[in-house]
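Here is a short set of exercises to help you find your way around a new structure. Try each task with the viewer open, then follow the solution step by step.

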Amino acid sequence: MYGLTTALKSFKSSRPIPAEYRATFRYLYWDIAWFGILSGSALSFISVYATRLHANAFHLGLLNAGPALVGLLFTLPAGRWLQQRTVGGAVFWSAFWARSGYLLWALLPALLTPMNQIWGYVLLVLIMTIPSTVLSVGFNALYASAVPMEWRGHVAGIRNAMLSIVLIITSIVSGYILDHLPIVLGYQVIFLLGLAGAVLSTVQLWHLRHITGETVPGPPQIRGIIGDLARPGDIRSPGISSFASVALRAFTRGTNLLRVEVLRDGYGKLIAALFFFHFAQFMPIPLFPLFWVNQLHFSDGIISIGTAVFHFAVLIGSLQLSQLVHRWGNHTLVTVGVLGMSLYPLLNAYTTNLPIFLFTAVIGGAAWSLVGGSVGNYLLEKVPNTDRPAYLAWYNLALNAAVLLGSLSGSWLAKEIDLTTALIISFVVRALSAYVIWNAE
């Protein structure tokens with residue numbers, strides 16, 4: 001209760017918001033609230049539903065690896081395409097086309113056999129990721145244009161709190177629905193709930209379509225990380241498989257971004273360390289739903305409670321982040337957070353009941369709040385102020401490659417060995433990535 005009260009208090013500004021920004025900020029707040037419904041319903045349960053349809057680790061790996069592959073192929077072209085267009089209009093239409101796919105998510109259970117449904121969802125995710133990539137890149141540019149620098153922390157803080165609160169409530173409601181309806185009907189209701197959230201979120205973006213994009217005098221610069229934890233174009237499960245949206249608007253700045261020379265003077269070592277971390281982060285992602293459903297035989301209601309507790313821990317941790325950064329610094333927080341994240345697959349491997357499952361969710365959420373909140377600023381500490389887009393573009397490239405390879409590696413592990421051993425191996429790899437990040441300085 002204390003965390004929720006503190007989060008709600010953060011909605012109040014210590015100074016009056018200028019009249020010309022109030023409507024824009026309000027649209028951004030409602031955008032994230034409706035997106036939270038999508039995240040807490042369809043996005044949180046798609047992997048669980050696929051598992052209940054008897055999807056294997058390879059199928060679940062594709063649900064995460066597919067979007068990463070599309071991101072590798074389309075992020076840079078998406079940035080170049082956005083440079084020639086009004087960013088607000090491009091964001092709205094990319095959201096419209098990407099989120100139209102959620103209607104098919106709700107229809108597939110009534111149209112296809114279980115195995116065909118699995119492949120149908122994999123194919124839909126791949127197709128939806130193409131316009132979603134434009135949405136992810138464009139939304140960062142839209143946000144930077146719509147919110148002045150001095151208000152970004154305030155707006156991002158409210159959006160992050162609203163995302164967590166709505167996602168927590170929606171995930172619990174979704175679990176209750178799924179426990180009280182037949183499986184096919186229950187998931188159709190959940191996917192329709194996600195569709196409603198997606199549609200209403202997109203309506204808010206329609207009100208922001210007039211925004212034209214950032215005007216940057218001289219060399220393209222990125223002065224700060226947006227700080228917004230939502231990835232409106234990401235259609236993978238939130239929280240457990242989410243990662244920081246670090247300056248994707250770098251891809252809307254200039255055409256010569258992937259320059260090899262920026263990897264010299266230690267930055268290449270840092271990118272390699274973060275690549276290893278994200279590889280380790282995504283290695284166990286295909287394993288979790290398989291372990292919860294097939295080995296622990298958890299109901300959707302129990303899984304929804306774990307999801308809610310995870311995000312509540314993220315919310316509480318995020319509220320303490322500024323004090324922790326001031327005391328320990330971003331590098332230490334990233335390292336400690338990654339080390340904490342390594343415990344998540346280990347504790348899952350030894351989970352036998354609900355209390356242990358919830359304790360594991362607390363550890364995972366708290367650890368992710370440290371990493372998600374500090375990795376972006378840690379990166380900015382290591383790049384020159386005058387050429388940040390080129391440096392951050394390499395990070396986003398490495399990140400998508402790591403997600404792709406990590407997800408497929410986890411799928412391979414699950415095929416070759418038992419799930420418990422695979423989770424323990426994931427713990428070791430994540431712990432090693434914390435050591436690598438600590439020594440990247």
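Before starting, note that buried residues make up 59% of the 441 residues in the protein chain. Please also keep in mind that this is a predicted model.

**Exercise 1. Find out how many helices and strands the chain has, and how its contacts are spread along the sequence.**

Step 1. Go through the secondary structure: the protein chain has 16 helices and 0 strands.

Step 2. Turn to contacts with a separation of 6 or more: 89% of them join residues 24 or more positions apart.

**Exercise 2. Work out where confidence is lowest and where it is highest.**

Step 1. Begin with the whole protein chain, where the mean pLDDT is 85 and 87% of the residues reach 70 or more.

Step 2. Compare the elements: helix α1 (residues 2-9) has the lowest confidence, at a mean of 51, and helix α16 (residues 419-438) the highest, at 96.

Step 3. Look at two stretches with low values. Residues 215-219 stay under 50 in pLDDT and have 3 contacts beyond four places in sequence. Residues 239-244 are also below 50, and the model gives this stretch 29 contacts beyond near neighbours in sequence.

**Exercise 3. Describe the nonpolar core and the nonpolar patch on the surface.**

Step 1. Start inside. The largest nonpolar core has 117 residues, and W105, F191 and W292 have the most contacts within it. Helix α2 (residues 19-52) gives the largest share of this core, 15 residues. There is also a second, separate core of 5 residues, among them A78 and V134.

Step 2. Visit helix α10 (residues 287-295), where 7 of the 9 residues are buried. W292 is one of these buried residues, and F288 and P289 are included as well. After α10 comes H297, with a positive phi near 60°.

Step 3. Now move to the surface. L103, L104, L107, L111, L112 and L192 form a nonpolar patch with about 510 Å² of accessible area together. Helix α5 (residues 101-111) supplies the largest share, 4 residues.

Step 4. Check one member: L107 is found in helix α5. Its relative accessibility is 38%, so L107 counts as partly exposed.

**Exercise 4. Decide whether A198 is buried or exposed, and list its contacts.**

Step 1. Locate A198 in helix α8 (residues 183-206).

Step 2. Read its relative accessible area, which is 1%; the cut-off for buried is under 20%, so A198 is buried.

Step 3. Leaving aside neighbours within four places in sequence, A198 is in contact with L38, R99 and Y102.

Step 4. Add a distance: A198 and I37 are 161 residues apart in sequence, with their C-alpha atoms 7.9 Å apart in space.

**Exercise 5. Find the salt bridges and say which parts of the chain they join.**

Step 1. The structure holds 2 salt bridges.

Step 2. In one of them R159 pairs with D31, and the closest N and O atoms are 3.0 Å apart. R159 lies in helix α7 (residues 149-180) and D31 in helix α2, so the pair ties together parts that are 128 residues apart in sequence. R159 is buried at 0% relative accessible area, and D31 is buried at 2%.

Step 3. D300 forms a salt bridge with R52, again with closest N and O atoms 3.0 Å apart. This pair links D300 in helix α11 (residues 300-319) with R52 in helix α2, 248 residues apart. D300 counts as buried at 7%, whereas R52 is partly exposed at 24%.

Notes. Residues are numbered from 1 along each chain as its sequence is written. This is a predicted model: local features need pLDDT of at least 70, side-chain atom pairs count only at pLDDT 80 or more; totals for chains, interfaces and linings use all residues. Side-chain values use heavy atoms; hydrogens and water are left out. Helices (H or I, at least four residues) and strands (E, at least two) are DSSP runs, numbered from the N terminus. Buried means under 20% relative accessible area, exposed over 50%, partly exposed in between (1.4 Å probe, protein chains only). Contact means heavy atoms within 4.5 Å. Patches are made of residues with over 30% relative accessible area and no salt bridge: like charges are joined within 9 Å, nonpolar side chains (Val, Leu, Ile, Met, Phe, Trp, Tyr) within 5 Å. Accessible areas come from the Shrake-Rupley method with a 1.4 Å probe; for residues, only the protein chains shown count as cover. A salt bridge is a side-chain nitrogen of Lys or Arg within 4 Å of a carboxyl oxygen of Asp or Glu. A nonpolar core is a set of buried Ala, Val, Leu, Ile, Met, Phe, Trp, Tyr and Cys residues joined through side-chain atoms within 4.5 Å. pLDDT is the predictor's confidence in each residue, from 0 to 100.
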